[in-house]
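Q: Pick one part of this model and look at it closely for me. Then work outwards and tell me what surrounds it.

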Amino acid sequence: MFRMPPPALYTDGMIHISCAGTVQVDNCKGILLYNENAVELDMGRLRLQLSGDDLTLETVEKGIVLVRGRLFEMTFFYGERTQNPEEKREKSSPKGG
Amino acid sequence: MLMERIAGWIFGKVQFSAEGGAYEKMLNHCTDMGLTLAGLQPTALGVKGWMPARDYKKIHRAAHHCHCRVRILRRRGLPFLLKRYRGRWGLLLGPALFLALCLYFFGTLWCVRYYDVPWQYQVEIDALLKENGILPGCRPTEQDLARARQTILMQSDTLADLSLNFIKGRLVVEVAPRTQKPDLEQYAPGSVVAAKGGIIDHLEVEHGFAVVGAGQRVEAGDLLITGVYIDEKTENVVITPAQGVVVARTETVYQSAQPLQFTAHIPTGEVIEYRTLIMGGRRIPLSLQPEEPVLFSQEVRSEPVSLFGFALPAVLETRSLYPEKETQIQLTEQQAAERARFLLDRALESESDTEEILQRSFDGQLTDGVFHATLTVERLENIAVSAF
């Protein structure tokens, strides 16, 4: 009678965005990149990159990452990650540019 | 959030920094191990953040895999605070003991303070408060204070009002003395009569008119000074106050009967002391309580307890028992006469001033094993009393 949500809804990656400058990512597989301007997270089939200023990871637990700061952009990447994290860090860092 | 902060402070937390290598991998390793990291901020060479102190050793394993260098920047929490005092627990014991005492003595009476109260009232009120159980170390309730106030006001002849305010361990006492009767009332119309019989020596009339003269004999109740008379010129009745001093030569007889054989309670010379500490509303006996003797007299003393000159809200009560024994005493006639004379002299001294005695005579005789003594005292005294 009622259509139930798909079983993978609560096991796939989920993003909660607050306009106060907080983003909570659930079911995250890991952190791929972190500096004050960018946080890249492994969400399984895709990658999520949060860009902004003064980004801090308020809480990092198993599967949960809480990011706070002045967020400007969220970018989703599909496919395998080929770039070396250290190279990508240099590329995304303002000092590196 | 607040509970997390409290828990973090109680169990301790450290701020770590991870530099060099792939520190993102290290963070992933940490989360895989079940660690919780908080407040992560990027640094020039890596990242820094907070974690529970108990998990810090685990982070090294993850850092080794990722070629990171991990070190502690800051330590926070009770374990690190206590670590400073390891081996010097006495330094912590003092404040802890002080805190425990403050909590235990909460609501306890520490001292009694008199606010602008004359000294004679302080002594009187202090004794009455002790009688009512209000002393340092007790926990007085509102009902106790109200009851003590009522009792003190009923027992005191000189207090019009009394306030007992228990504020932060102090009992502040304020009094309002009773106002003396106005002088006008003392000179109310009336008469002065004789309190006892005697021969008048001299009179000093202040108000009214004397109706007796020096050398005249009067009996108890006779009119001495009157405040009512008829003006001869106007024939009106004039009413004035009557007051004065009428000194008369009086004779008083004191009698005493002293049996030659009687039973007396003689102290054995032994002293038994019980000490009780009254603290926090409780009575803590400091010595074992043996059986009380059958016959005894006792004395109870209370003294405040102080430690290095610092007064504590406690009182040490010492109860001294003086056991007595019954002894049959057999007196000779002369001893009985001396004892009877001693008792009569004591009665005389307690009753009036012995300096005005003109003459005294002691007489006695032994009848059926009892010495009957009589002391006749002749003296000068004021016999004037007001009669309204």
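A: Let's zoom in on β21(B) and strand β22 (residues 370-382) of chain B: they run antiparallel and are joined by ten bridges. Keep in mind that this is a predicted model, in which local features need pLDDT of at least 70, side-chain atom pairs count only at pLDDT 80 or more, and totals for chains, interfaces and linings use all residues. As for labels, residues are numbered from 1 along each chain as its sequence is written, with chains lettered from A and ligands numbered from 1 in the order in which they are written. Strands (E, at least two residues) and helices (H or I, at least four) are DSSP runs numbered from the N terminus, and two strands pair if DSSP finds at least two bridges between them.

If you want a spot to find on screen, go to B:Leu366, which stands opposite B:Phe371 in β22(B). Now pull back a little. These strands belong to an open, antiparallel sheet of five, which reads β11-β9-β15-β22-β21 (chain B). Where does that sheet stop? Its edges are β11 (217-218) and β21 (357-367) of chain B; each has a single partner strand, so one side of each has no neighbour in the sheet. Helix α9 (residues 333-351) of chain B packs on the sheet, where β15 (243-259), β21 and β22 of chain B are the strands touched. The direction of α9 makes about 30° with that of β22(B), taking axes as lines fitted to C-alpha atoms (for helices, over the stretch in contact) and angles from 0 to 180 degrees between N-to-C directions.

Chain B also has an open sheet of three strands, in the order β5-β7-β6, and here the pairing is mixed. Its edge strands, β5 (111-114) and β6 (159-167) of chain B, each pair on one side only. Eight bridges hold the antiparallel pairing of β6(B) with strand β7 (residues 170-177) of chain B. One place to look there is B:Ser163, with B:Glu174 of β7(B) opposite.

Next, the place where the chains meet. Chain A puts 15 residues into the contact and chain B puts in 14, with two residues in contact if their C-beta atoms, placed from the backbone, lie within 7 Å. On the side of chain B that touches chain A, α2 (23-32) and β2 (37-42) of chain B each supply at least two residues. The largest share of that side, six residues, is from β2(B). That strand also pairs across the chains: β2(B) and strand β5 (residues 46-61) of chain A run antiparallel over three bridges. Follow A:Thr59 across and you reach its bridge partner in β2(B), B:Ala38.

Finally, chain A itself. It has six strands and one helix, and along the sequence they come as β-β-β-β-β-β-α. Among contacts in chain A with a separation of 6 or more, 41% join residues 24 or more positions apart. For a close-up, try A:Val65: leaving out residues up to four places away in sequence, it touches A:Val25, A:Cys28, A:Ile31, A:Leu41, A:Leu57 and A:Val60.
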